[in-house]
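Colleague: Could you take me through one part of this model in some detail? I'd like to hear about the packing inside, and then how the outside compares with it.

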Amino acid sequence: MSAPGTTGTPYDPPPPGTDLGPLPRRSALGLALQFWLQWLWLVPWGVLVALYFLGALLGAGGDSVGPNIVRSTLTPRRYRLERRGGPQEWEAFAAAELERVGAPALARERERRAANAAGRSRYRHPETDPQVRIRSRSYRGIGAGGLAALAARQGWQVDWARTRPAAEVRLVHRGPLGG
């Protein structure tokens with residue numbers, strides 16, 4: 001391993017002056033409006049998604065992926081977290097999000113490496129470090145610094161060159177992929 005602070009190593013520090021603390025809380029009025037008014041657009045979107053999947057089942061589906069409504073809705077759990085969540089609750093929420101996006105990325109890379117080793121693929125896939133992106137809605141209460149510490153415990157390192165702490169954190173998995 002290279003010395004800490006050397007460019008390209010998993011030990012790159014954040015750029016000077018980067019605010020890594022918790023992001024400001026969202027307004028109570030804005031949260032309430034989003035929570036209650038989302039039903040006005042969820043019903044039409046639900047109909048469109050149902051039509052999309054019905055068309056896909058009948059063979060008329062396009063190449064695009066159906067809209068992901070779940071992430072854009074404000075569930076009662078996330079509403080309570082946004083209103084009254086403390087650092088422990090936000091850390092648990094961020095850990096669940098990291099597991100949700102990180103586990104498939106690690107599994108894909110393990111599968112690629114296994115296919116390369118077994119010669120099951122016509123082409124040799126380049127071995128890369130798995131990368132994921134976590135949006136600020138998942139770590140608002142602990143900030144990018146809290147997410148970086150949480151991710152480091154699981155073998156992930158922040159790619160500070162591609163991270164915007166107020167919007168999203170890009171993570172790269174360094175080391176063994178586990179199994």
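**The core and a nonpolar patch**

Modeller: Let me start with the patch, since one residue there sets the scene: V43 has a relative accessibility of 56%, and because exposed means over 50%, V43 counts as exposed. Keep in mind that this is a predicted model. V43 sits in helix α1, which covers residues 28-57. Together with W45, V47, L48, L51 and L54, V43 makes a nonpolar surface patch of about 580 Å². In soluble globular proteins, nonpolar side chains tend to be buried together. A28 is also in helix α1. With a relative accessible area of 36%, A28 is partly exposed, because that term covers values between 20% and 50%. The C-alpha atoms of A28 and Y79 are 9.7 Å apart, although 51 residues separate the two along the chain.

Now to the inside. The protein has 5 helices and 3 strands, and along the sequence they come in the order α-α-α-α-β-α-β-β. Of its 179 residues, 32% count as buried. The largest nonpolar core holds 24 residues, and Y139, W156 and L171 have the most contacts inside it. At least two residues of this core come from each of α4 (87-118), β1, α5 (143-153), β2 (156-158) and β3. Helix α4 gives the most, with 7 residues.

Y139 deserves a closer look. Setting aside neighbours within four places in sequence, Y139 touches L23, W90, A94, I134, A144, L147, R164, P165, A166, A167, E168 and V169. One of those partners, I134, leads us to strand β1, residues 131-135, where the side chains alternate. V132 and I134 point to one face and are buried, whereas Q131, R133 and R135 point to the other face and are not. Strand β1 runs antiparallel to strand β3 (residues 168-173), and 5 bridges join the two. Within that pairing, Q131 has V172 of β3 as its bridge partner.

Stepping back to the whole chain, contacts between residues at least 6 apart in sequence are worth a glance: 67% of them join residues at least 24 apart. As for the outside, the accessible surface comes to about 11,200 Å², and carbon and sulfur atoms account for 59% of it. The patch that includes V43 and W45 is on the surface, while the 24 residues with Y139, W156 and L171 among them form the largest nonpolar core.

Methods
Residues are numbered from 1 along each chain as its sequence is written. This is a predicted model: local features need pLDDT of at least 70, side-chain atom pairs count only at pLDDT 80 or more; totals for chains, interfaces and linings use all residues. Side-chain values use heavy atoms; hydrogens and water are left out. Patches are made of residues with over 30% relative accessible area and no salt bridge: like charges are joined within 9 Å, nonpolar side chains (Val, Leu, Ile, Met, Phe, Trp, Tyr) within 5 Å. Accessible areas come from the Shrake-Rupley method with a 1.4 Å probe; for residues, only the protein chains shown count as cover. A salt bridge is a side-chain nitrogen of Lys or Arg within 4 Å of a carboxyl oxygen of Asp or Glu. Helices (H or I, at least four residues) and strands (E, at least two) are DSSP runs, numbered from the N terminus. Buried means under 20% relative accessible area, exposed over 50%, partly exposed in between (1.4 Å probe, protein chains only). Contact means heavy atoms within 4.5 Å. Two strands pair if DSSP finds at least two bridges between them. A nonpolar core is a set of buried Ala, Val, Leu, Ile, Met, Phe, Trp, Tyr and Cys residues joined through side-chain atoms within 4.5 Å.
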